[in-house]
Amino acid sequence: TFWNSASFNTETSYLHFPTFHGELSADVSFFFKTTASSGVFLENLGIQDFIRIELQSPSEVVFSFDVGNGPSEVIVQSRNSLNDNQWHYVKAERNVKEASLQIDQLPQRSHSAPPDGHIRLQLNSQLFVGGTASRQKGFLGCIRSLRLNGMALDLEERAKITPGVEPGCPGHCSSYGNLCHNGGKCREKYSGFSCDCTFSAYAGPFCKKGKHISAYFWTGTSVTYNFQEYYTLAKNYSSHASSFYADMTLSREAITFAFRTTRTPSLLLYVSSFYKEYLSVILTRNGDLQIRYKLDSHEDPDIFSISFKSMADGQLQHVKINREEETLLVEVNQNERMKFILSSGTEFNAIKSLTLGKILENSDVDEETMKANSQGFVGCLSSVQFNHIAPLKAALHHSSSAPVIVKGRFTESNCGTLTGADSTSSETTHSFADHSGPIDEGKPLANAIRSDSAIIGGVIAVVIFILLCITAIAIRIYKKKGAYSKNEAKGSENEDSAESALKSELSMQNTANENQKEYFF
């Protein structure tokens, strides 16, 4: 019932329902949207009693009623206009002790009932919604999700048979479009709206739920997401180039991705421009992460290196890059955070495309980026997002409708979600080992099995050797104890005196000690 709504197109139009029974307790709640300065939301009359909720001015809502003690009013005033064509929430309550009114998140206003007055609200006419049977003018706009004492009224069904009233309300996205996050697009529906997360890296009703989309890149794989088609400058030589691409000039970027590889050098991400400006993110030969911004075609690129450890170790690495004008913030694996300052410029003009893997088009880039591009990228890329664009998601799930071009071998994988021990099997299966030539998935797996078998065999051999040693020592000690017992028995039979017995015992102990010394020696 949340989206059950009706549009009131004239001041004389209204919906009518059976009498509202709220003698001792009444609560009414609904949403409204309007551009009118005033109008009655609902009204129900009795012989003398009544209840009414109305927009009395663009910033004022009044809840009025009479239970036989004379009219009472509860008023809420807003600093902002309520006739802004956005949805606003109204909740009015009345019981034997007090009446209250709340609008949106504004403070609730209340009015206490007289101590010895009438308490019963007695109504007998029909309930009018969006209009009135009295002198006040009706309401122009939309009312949605109307509930009386917890019961929802079906506005849409009644609107279908009522002149001047239409079921449903248009323009939900104007009020709720900001609930679609991370590049999700608000789509109008007959009852409500939905968030289209097609081109967002996120999923869920509001494009807020993170979804790890990962893919394995092989030698020569290239995924290119085109931001816009090329418009030749020959159309207007007198115009500055940026006039053609004003909507694609960036002063800030938010980039996130994760990767796993053992190949160096590698090209992780490349963003090109129609004017020889670019951004490249590479792994250098020694495994350092390097970010190269060239925002001035006449200057060398700004180079920023993150070299606290080699990032080509086959483990999953998480990277966040955020630029706002000349300030660049880089975060690696959620703990290493660095700040850099660009000197080559602050605007990334006329961006053309984003490439993952190997750049296949002719590009005027620096030597290190060119070296990294010679191999492209072999390994796993996961959760790639450039501002609100998700190129991996577009390539894997929406290749027919998205402006994306895929060249080479490219397969969806769970390689971006495996960590720790699980990553070993992923690396083995996909062959993260450094090698050249075609990739054979069977050989690395066989090598891994042989290596594991050798280790297990060695451990078993050591354990057996230790057990044999312990057994030999135990047998030796047992034999010595038996010899000792025999000698002691003989000594007691030939016992001539206490002195001879003592000498025999001492002699036997010395013999045992010498034997033990020999054994341990």
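Buried means under 20% relative accessible area, exposed means over 50%, and partly exposed is whatever falls in between. Keep those cut-offs handy for the residues below. One thing to know up front: this is a predicted model.

**Salt bridges**

Side chains of opposite charge can pair when their charged atoms come close. In this model, the count comes to 12 salt bridges. Three of the pairs are set out here, with the distance between the closest N and O atoms.

| Pair | N to O distance |
|---|---|
| Glu157 and Lys160 | 2.9 Å |
| Arg187 and Asp196 | 3.3 Å |
| Glu331 and Arg337 | 3.1 Å |

How do these partners sit with respect to the surface? Let's start with Asp196, the partner of Arg187. Asp196 has a relative accessible area of 24%, so it lands in the partly exposed class. Arg187 comes out at 41% and is partly exposed as well.

For the bridge between Glu157 and Lys160, the labels are split. Glu157 is partly exposed at 44% relative accessibility, while Lys160 has 52% and counts as exposed.

Which class does Glu331 fall into, buried or exposed? Its relative accessible area is 17%, and because buried means under 20%, Glu331 is buried. Its partner in the salt bridge is Arg337, and Arg337 is exposed, with 57% relative accessibility.

There is also a group that goes beyond a simple pair: Glu367, Glu368 and Lys371 are tied together in a network of salt bridges.

**A nonpolar patch on the surface**

Turning to nonpolar side chains, Val462, Phe465, Ile466 and Ile470 make up a surface patch of about 400 Å². To place the patch in the fold, look for Ile470 in helix 6, which covers residues 442-493.

**Cavities**

How many cavities of 30 Å³ or more does the model hold? The count is 3. The largest cavity has a volume of about 120 Å³, and 16 residues line it. If you want to find its centre on screen, go to Phe65, Val67, Asn69, Ala113 and Pro114, the lining residues that lie nearest to it. Strand 9 (98-103) and strand 10 (109-112) are the elements that each give two or more residues to this lining. As for chemistry, the lining of the largest cavity has 7 nonpolar, 7 polar and 2 charged residues.

**Backbone oddities**

Most residues other than glycine have a negative phi, and most peptide bonds are trans. A few spots here go the other way.

Take the peptide bond from Thr264 to Pro265: it is cis, with omega near -10°. Pro265 sits in the loop between strand 21 (252-260) and strand 22 (266-273).

Then there is Ser145, a residue other than glycine with a positive phi, near 55°. Where is Ser145 in the fold? Ser145 is part of strand 12, residues 141-148. With a relative accessible area of 9%, Ser145 is buried.

Cys207 also has a positive phi, near 55°. Cys207 is found in the loop between strand 17 (202-203) and strand 18 (209-210). Is Cys207 buried or exposed? At 0% relative accessibility, Cys207 counts as buried.

Notes:
Residues are numbered from 1 along each chain as its sequence is written. This is a predicted model: local features need pLDDT of at least 70, side-chain atom pairs count only at pLDDT 80 or more; totals for chains, interfaces and linings use all residues. Side-chain values use heavy atoms; hydrogens and water are left out. A salt bridge is a side-chain nitrogen of Lys or Arg within 4 Å of a carboxyl oxygen of Asp or Glu. Buried means under 20% relative accessible area, exposed over 50%, partly exposed in between (1.4 Å probe, protein chains only). Patches are made of residues with over 30% relative accessible area and no salt bridge: like charges are joined within 9 Å, nonpolar side chains (Val, Leu, Ile, Met, Phe, Trp, Tyr) within 5 Å. Accessible areas come from the Shrake-Rupley method with a 1.4 Å probe; for residues, only the protein chains shown count as cover. Helices (H or I, at least four residues) and strands (E, at least two) are DSSP runs, numbered from the N terminus. On a 1 Å grid over the protein atoms alone, a cavity is a set of points where a 1.4 Å probe fits but cannot get out, and a pocket is an open set with protein on both sides within 12 Å along at least five of seven lines; lining residues have an atom within 4 Å of a point. Grid points are joined across faces, edges and corners, and a volume is the space filled by probe spheres set on the points. Ala, Val, Leu, Ile, Met, Phe, Trp, Tyr, Cys and Pro count as nonpolar, Asp, Glu, Lys and Arg as charged, and the others, Gly among them, as polar.
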